[in-house]
Amino acid sequence: MRGEYKVPGGKLVAVDVEVESGRLARVSVSGDFFLEPDDALEDIDAALTGLPADASVDQLSAAITGALDPAVQLIGFNADAIGVAVRRALGKATGWDDHTFDVIPATTLPPVEHVALDEVIAHEVAAGTRRPTLRFWDWDSPLVVIGSFQSYRNEIDSDGAAKYGIDVVRRISGGGAMFMEPGNTITYSLVVPSSMVEGLSFERSYAFLDEWVMTALAEVGINAHYVPLNDIASEKGKIGGAAQKRFADGAVLHHVTMAYDIDADKMLEVLRIGREKMSDKGTKSANKRVDPMRSQTGMARDAIIDSFRTSFLAHYASAESSYTDDELARARTLVAEKFGTPEWTHRVP
């Protein structure tokens, strides 16, 4: 059996392994990484040989680390990466090439329904009733989406929100607020099985699940990179941020919002925390806009979204899909019972 793991920003690690009587046998680690001294590779193989086939990434990593002299240098990879590659070889962890994805084009819905669909589709992917899914958002009214753990009163200026008729919804993932007027951001949700982040820390999983969009950004002329913990930036600064939620039943939600053309003045009237963040960046004068995707690409928002969709379809086993009537009905029920209620929205006062 063979498993591979490409370290984000690093090197490829491959493991060939067999299982005999429930234990790892004939382990062979390889890749385009650097290792000093080179005979430490034999020590890595020996450390893995004989371990239980159900050993976790942490257990595999600990065995490798414990077997290596402190002077050994692993360059472009680490013991955790080897552990992930082993788990993939055994079919316990999966990568991009192990799945076929559904891709749902931008569909205009009330924004609170998109928030609810994140939960609906995550449970479907976990249950195996829908394939891993990439879906793009489009919406018909302004909304602020706050993170699951943010304080409503600390984040939202109620007078500013009322002035512009902007509602507030709390999402199921952590992170910061998303100021979303129609056409001012590019937002998508990616839902995958938990096996795709098996053995990855939250930081590594952000980088891993952002991989596809780095390619898509390059195709529209933006040389982007991942910035820990959850930002995407170009050489001209931040262009977007991600949020993530891991579900106990076996799915991971990873969604990203990129600024296309945001009215910063209006945003600062609605978001209290936004004022402090923007002040730190020296944005104090009137009529400022936050527009990295528009200014750096010169493309219309719809054209960027279409390019992203086309890029994903071209690089991964995937097919276009759409929402089912049942999914939309369940999302609306969740809006009525959860996401649209004051109890949920003000869960953290």
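## Overall build of the chain and the setting of D159

Of the contacts in the chain with a separation of 6 or more, 71% join residues 24 or more positions apart. The model discussed here is predicted.

The secondary structure comprises 14 helices and 18 strands. With a radius of gyration of 22 Å, close to the 20 Å that the globule rule gives for 349 residues, the chain is as compact as a globular protein of that length. The C-alpha trace spans about 65 × 45 × 40 Å along the principal axes of the chain.

As for burial, 53% of the 349 residues count as buried. The accessible surface of the chain comes to about 15,100 Å², and carbon and sulfur atoms hold 49% of that surface.

The chain carries 35 positive and 52 negative charges. Between the mean positions of these two sets lies a distance of 6 Å.

The table gathers some whole-chain values.

| Property of the chain | Value |
|---|---|
| Radius of gyration | 22 Å |
| Span of the C-alpha trace along the principal axes | about 65 × 45 × 40 Å |
| Distance between the mean positions of positive and negative charges | 6 Å |

One residue can be placed in more detail. D159 belongs to helix α6, which covers residues 158-163. Its relative accessible area is 65%, and exposed means over 50%, so D159 is exposed. Along the chain, D159 and E269 are 110 residues apart. In space, 8.3 Å separates the C-alpha atoms of D159 and E269.

Notes. Residues are numbered from 1 along each chain as its sequence is written. This is a predicted model: local features need pLDDT of at least 70, side-chain atom pairs count only at pLDDT 80 or more; totals for chains, interfaces and linings use all residues. Side-chain values use heavy atoms; hydrogens and water are left out. Helices (H or I, at least four residues) and strands (E, at least two) are DSSP runs, numbered from the N terminus. The radius of gyration is taken over C-alpha atoms; the globule rule is 2.2 Å times the number of residues to the power 0.38. Buried means under 20% relative accessible area, exposed over 50%, partly exposed in between (1.4 Å probe, protein chains only). Contact means heavy atoms within 4.5 Å. Accessible areas come from the Shrake-Rupley method with a 1.4 Å probe; for residues, only the protein chains shown count as cover. Lys and Arg count as positive and Asp and Glu as negative; His and the chain ends are not counted. The place of a charge is taken as NZ of Lys, CZ of Arg, CG of Asp or CD of Glu.
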